[in-house]
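Reader: I'd like a close look at one spot in this model before I set anything up with it. Could you take me through the spot and its surroundings?

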Amino acid sequence: MLLDMDLGVLLPSLIPSLQSVYVLVFYFVYLAVAGEILPGKVIRGVLLSDGSQPRYRCNGLLALTLLVAILGICAKIGIVSPLVVADRGLELLSATFIFCVLVTLALYVTGRNSSDKSSSLKPHVSGNLVHDWWFGIQLNPQFMSIDLKFFFVRAGMMGWLLINLSILAKSVQNGSLSQSMILYQIFCALYILDYFVHEEYMTSTWDIIAERLGFMLVFGDLLWIPFTFSIQGWWLLHNKVELTIPAIVANCLVFVIGYMVFRGANKQKHIFKKNPKTPIWGKPPVVVGGKLLASGYWGIARHCNYLGDLMLALSFSLPCGVSSPVPYFYPIYLLILLIWRERRDEVRCAEKYKEIWAEYLRLVPWRILPYVY
């Protein structure tokens, strides 16, 4: 979309309209209310250093299903257009960016002025304004009892699906619907729905348990996930790609294998944290120092879940063919991000586990891809 616009058209389209602001306000208000009132499994998070445990209501799947149903009914009776996101994508992007800046400045000021001593809200101030604003000051800040970190990642994942659905409606309207678009939409929808089916697994991820909430996470959740993960859909809206049957089969295999590795690894890790004695692939788990799982997927590579995630990202781009590098932005970016994150994680683990970590490295020498990296 950006490549098809000249600067004179691009700049005005980036100015948020009142309608784009209304869309964002409705979206965030709906998620806040639905997250609090809809039924869902309440999950205890990781035990923090002060003995507290955050609680998360995992009702994302119900909230998403209800939202899509509401929007579908509103579109049917003409209250809202299903093309509102596809037609105002750049406006929504810039409005979301402004929101990210404002909310993270508020988080910075609130964190700096906090005297709370709990693990969730204790301020971590380096003295470097940019560093503290970027990485955040508090671990689990809240607004009106809403855990903002959990809220923002949920908003980003749902937003990704809503953008895709609007792109799909646009492609149907202008007659550009293709096998490639259908394949991309199916893969993304399955991935997002699966995320919410297993939403409780999110509570034990690095972002939730270790990262403080600053611009990096807020921007990543609210803008980066929905607006860059959907680049393939935008590209297919303006470029028709015909796939051969072998290409479709190969693409499906990449998705299925990626899903099995990604979901399997995350599930094993989550279950191990809840009950370290649970069998892995029918055998007692191999545990290093009583803390580190070294069997199942976690005996293949130290970050095997990243391999699955990368394969899934690749499967979202393969329907676009190989005529342009633009649709491959997401898997390329994800590769760089996950290697950077893996390096940071390994430094943290080496400091935390010391000789236990050295033993773990001996048992599991590969970082992400066995025999390669």
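Is Lys354 buried or exposed, and what is its relative accessible area?

Author: Lys354 is exposed, because its relative accessible area comes to 52%; the cut-offs are under 20% for buried and over 50% for exposed, with partly exposed in between, using a 1.4 Å probe on protein chains only.

Before going further, some ground rules. This is a predicted model, so to speak of a local feature takes a pLDDT of at least 70 and a side-chain atom pair counts only at 80 or more, while totals for chains, interfaces and linings use all residues. Residue numbers start from 1 along each chain as its sequence is written, and side-chain values rest on heavy atoms, with hydrogens and water left out.

As for confidence, the chain averages a pLDDT (the predictor's confidence in each residue, from 0 to 100) of 89, and 97% of the residues score at least 70. Helix α1, residues 7-13, has the lowest confidence, with a mean of 56, and α7 has the highest, at 95. Helices and strands here are DSSP runs numbered from the N terminus: H or I over at least four residues for a helix, E over at least two for a strand.

Back to your lysine. Lys354 sits in the loop between α14 and α15, and it directly follows α14. Its phi is near 55 degrees, which is a positive value in a residue other than glycine. If you're hunting for another odd backbone angle, try Trp281: it isn't a glycine either, yet its phi is positive, about 50 degrees. Trp281 is in the loop between α12 (245-274) and β5 (287-288), and it counts as exposed because its relative accessibility is 52%.

Now step back from Lys354 into the helix. α14 covers residues 329-353, 25 of them, and at 1.5 Å a residue it should span 36 Å; its end C-alpha atoms are 35 Å apart, so the two agree. The expected span is 1.5 Å times one less than the number of residues. Down its length, the buried residues are Tyr330, Pro331, Leu334, Leu338, Arg341, Glu342, Asp345, Glu346, Cys349 and Tyr353. If the numbering pattern catches your eye, remember that an α-helix has 3.6 residues a turn, so residues three or four places apart point the same way. What do those buried residues pack against? Their partners are α9 (206-209), α10, α11 (231-238), β6 (292-293), α13 (304-317) and α15 (355-363), where contact means heavy atoms within 4.5 Å.

Take Tyr353, which belongs to α14. Tyr353 counts as buried because its relative accessibility is 16%. Leaving aside residues up to four places away in sequence, Tyr353 touches Lys291 and Leu292. Ile208 is 145 residues from Tyr353 in sequence and 20 Å from it in space, C-alpha to C-alpha.

Two glutamates elsewhere are worth a stop, and one of them ties back to this helix region by distance. Glu199 lies in the loop between α8 and α9, and its C-alpha is 23 Å from that of Leu335, 136 residues away along the chain. Glu199 is buried because its relative accessible area is 1%. Apart from residues up to four places away in sequence, Glu199 touches Cys58, Asn59, Gly60, Phe150 and Arg154. Glu200 is also placed in the loop between α8 and α9. On the same four-place exclusion, Glu200 touches Lys41, Ile43, Cys58 and His270. The C-alpha atoms of Glu200 and Lys41 are separated by 8.4 Å, although the two positions lie 159 residues apart in chain numbering.

One last stop is Ser176, in the loop between α7 (148-173) and α8 (179-197). Ser176 counts as buried because its relative accessibility is 18%. With residues up to four places away in sequence left out, Ser176 touches Ser171, Leu237 and Lys240. Measured against your helix in plain C-alpha terms, Ser176 and Ala350 are separated by 52 Å, at 174 residues apart along the chain.
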